[in-house]
Amino acid sequence: QRLIYSSDAENMINVSGSERFDFSAKPEIFKLVAEAKRIKLAYLFDPYIAVNTSNVMPLPHQITAVYEKMLPLHPLRYVLADDPGAGKTIMTGLLLKELIIRSDVKRALIVSPGNLVNQWQDELFQKFNLSFEIMTNEMIESARSGNAFLEHDMLIARLDKLSQNDDIKSLLESTDWDIVVIDEAHKLSANVIGNKINYTKRFYLGRLLSKHTRH
């Protein structure tokens, strides 16, 4: 960072030590690590990597919603409102996979009406190769830590199972997520009767979850 002159020589000392790189690692391991790093950074070179690694052909409005509206938001607080059959599940799957590939999301919770949990699980696996488990009573009771939410990173839970059970909500209060997706989120709204606001158990669940997730 500066010029060295002969008059500076008397102030110099000779430094010896091990080289920064000694090239002693096994070539096979180095190649594996380099390939893993390349895959981890692939989204920098392919801005639509979730599309190109999924079994879907997204429509233009789905690309716009995910890549132009949702992904740039950090943290993400977003209501994805569209007509039935417009592909909200596909948009959610693209968002989840993109964030996972970018190492921004490791722990994800999907809250859905009970009759749709299996559909969510099937579509996320078949279209995006994302393996989510459905939360069950057995999973809660057999948790070694006492909190099943801490032991599973990718979960789908039934809306009313979470909102109606105070014990489960207490477990959620000690659990943090990278992203929470709530299907049919309008069901979490409060009711207004005259001048009085009726805060439902579903509303309180939504407020609880919002405090324990980044997205």
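Buried denotes under 20% relative accessible area, exposed over 50%, and partly exposed the range in between, with a 1.4 Å probe and protein chains only. The model is predicted; local features need pLDDT of at least 70, side-chain atom pairs count only at pLDDT 80 or more, and totals for chains, interfaces and linings use all residues. Residues are numbered from 1 along each chain as its sequence is written, and side-chain values use heavy atoms, without hydrogens or water.

**Exercise 1.** Determine which accessibility class applies to Tyr-199 and which to Tyr-204, then classify their ring pair.

*Solution.* Tyr-199 has 37% relative accessibility and therefore counts as partly exposed. Tyr-204, at 39%, is likewise partly exposed. Rings of Phe, Tyr and Trp (its six-membered ring) pair if their centres lie within 6.5 Å; planes under 30 degrees apart are stacked, over 60 edge-to-face, and the rest tilted. This rule gives five aromatic pairs. For Tyr-199 and Tyr-204, the centres are 6.1 Å apart and the planes stand at 45 degrees, so the pair is tilted. Ring pairs also join Phe-203 with these two tyrosines in a cluster.

**Exercise 2.** Compare the span of helix H4 with its expected value, and state how many of its residues are buried.

*Solution.* Helices are DSSP runs (H or I, at least four residues), numbered from the N terminus. The expected span is 1.5 Å times one less than the number of residues. For the 14 residues of H4 (residues 88–101) this gives 20 Å, and the end C-alpha atoms are 20 Å apart, which agrees. Of these 14 residues, 12 are buried, including Thr-89, Lys-97 and Glu-98. Just after H4, Ser-103 adopts a positive phi of about 60 degrees.

Methods. Helices (H or I, at least four residues) and strands (E, at least two) are DSSP runs, numbered from the N terminus.
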